[in-house]
Amino acid sequence: MKKYLPVIIVFLSYGTLFAQVNDTAIQQLMQQRMYDCYEVEYNSILVAPRLYNAGRVDTFDALVTFWKKHCPPSERLFSIDVLNNIRKNTFRESVNGSEFLSHRARPTVSDSDLYRPKILYYLEEYKAACRGAFSDNQYSIWLNQNYPLPRDYSEYYAFYKSYYAFLRQMARSLQGRRLYTPAEDFLLRFYAAPDSVRYSELDSAIYTGTVLNDKYKAYQKYHNQAHGISSAIQVGMWVPNGNLTVIGNHPFLAYSIGGRTEGMIIDLITGLRFGGMPNSLLVVKGDSLFTSDSYCSWYIGVDFAAKIFRTRKSELNVLWGVGYDELQTLSVTLESSSPTGQNETLTQSSKSAYANAGLAYRFYIRDVVKKNMHKRAYVALQAKYHYVNFRNPGGTDLAGNAVTVGLSYGIFSHSYTKHPYLK
């Protein structure tokens, strides 16, 4: 037993030494790096402030380029890249999408400009981040994929908070170094203090010809014009004329849904007219003549409206439309002569295509943006003349047309998918 004791001791010692090998030793064995984007971003954000503040601008420039090669476009990367290009005096109002691809992937993808479609979205995201409004998506990915850092959400928050503080500091350090173009000057001021810069100044003549000016004007047009989904509830009175007056005036209720541009509205409308009949009608059904005082009417059609003029608070429209109208002229129940028989209900309707024309005046009562949806609510007064052709062969003559006068409450709404909402 004694002669085996040294062997046992050596074996146990070896096992203990092997168990004590730590992560650092293993990390040194991991020579072939894949450079995952999340790892690159985390380390880049840690290193960038040290390099910049130490004046190691060549290494800083290489770091940004390396980051771009290994990560898809994001506001975090876009912002530091723009500031770095301004620093190098290489800034142009365009960012080639292939810059965010590895050399192996670049030949397979056509070039595309990221600056024009993304600049205002990224500026808004940057402003929100400087206020501490970070997306939880990045943290969730790091958490779900078992990354060791950041250790918790408070560390994640502090990590990005310090990064955006650095970007503001970087922008401030670049101000006044040389004569900048209007676009460069605006971006430096924005990145230095986003809450103190107003997008409205981009409407100034000094920005004419810049992408910032073009995109802001496109946003203004998109925001100020009424467009999007259209929906409304209408109530009013239907007033016939000619021989059709025999059925009397009737209130109506209708609902419409459709869409609009600034100058044109198209809606699908369906409505119901109700109320009692003031007079009885003679109606022929089969070979019998009935007297009827029942009333029910419904219609469906397409309504159009064109803008004559619009102010911020009101709008005048010319209206027209076409559709189908049905008027119930008979609904009687005949008692069965058989003791076991069922009663029979006879119905008959007069049907007509219709066309109408008129005017509407809208008063905008609410104009809000919530959850990236712009909603304009209104009430409208409208009047239309309806051309109809109800027939009642062998019975009471229903020749005539009608006028409607009504009140509608509606909403025009659209989302900011095409342009960001600039707060």
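Modeller: Before we start, buried means under 20% relative accessible area. Keep in mind too that this is a predicted model.

Biologist: Okay, how many salt bridges does the structure hold?

Modeller: For this count, a pair needs a side-chain nitrogen of Lys or Arg within 4 Å of a carboxyl oxygen of Asp or Glu. Going by that, the total for the structure is 16.

Biologist: Is Glu-315 buried or exposed?

Modeller: Let's start with its partner: Glu-315 pairs up with Arg-260, and their closest N and O atoms sit 3.0 Å apart. Glu-315 belongs to strand 7 (residues 314-334) and Arg-260 to strand 2 (residues 250-260), so the salt bridge ties together parts 55 residues apart in sequence. As for accessibility, Arg-260 and Glu-315 are both buried.

Biologist: Why does Glu-184 count as buried?

Modeller: Glu-184 makes a salt bridge with Arg-178, with 3.2 Å between the closest N and O atoms. Arg-178 is partly exposed at 28% relative accessibility. The cut-off for buried is under 20%, and Glu-184 counts as buried because its relative accessibility is 2%.

Biologist: Which residue forms a salt bridge with Arg-131?

Modeller: Arg-131 sits in the loop between helix 6 (115-130) and helix 7 (137-144), and its partner is 64 residues away, in the loop between helix 9 (182-192) and helix 10 (211-224). That partner is partly exposed, with a relative accessible area of 42%. The closest N and O atoms of the pair are 2.7 Å apart, and the residue is Asp-195.

Biologist: And which residues are linked with Glu-124 in a network of salt bridges?

Modeller: Two lysines join Glu-124 there. They are Lys-127 and Lys-423.

Methods
Residues numbered from 1 in each chain as written. Predicted model: local features only at pLDDT ≥ 70, side-chain atom pairs only at ≥ 80, totals over all residues. Heavy atoms only, no water. Helix = DSSP H or I, 4+ residues; strand = E, 2+ residues; numbered from the N terminus. Buried < 20%, exposed > 50% of the residue type's maximum accessible area, 1.4 Å probe, protein only.
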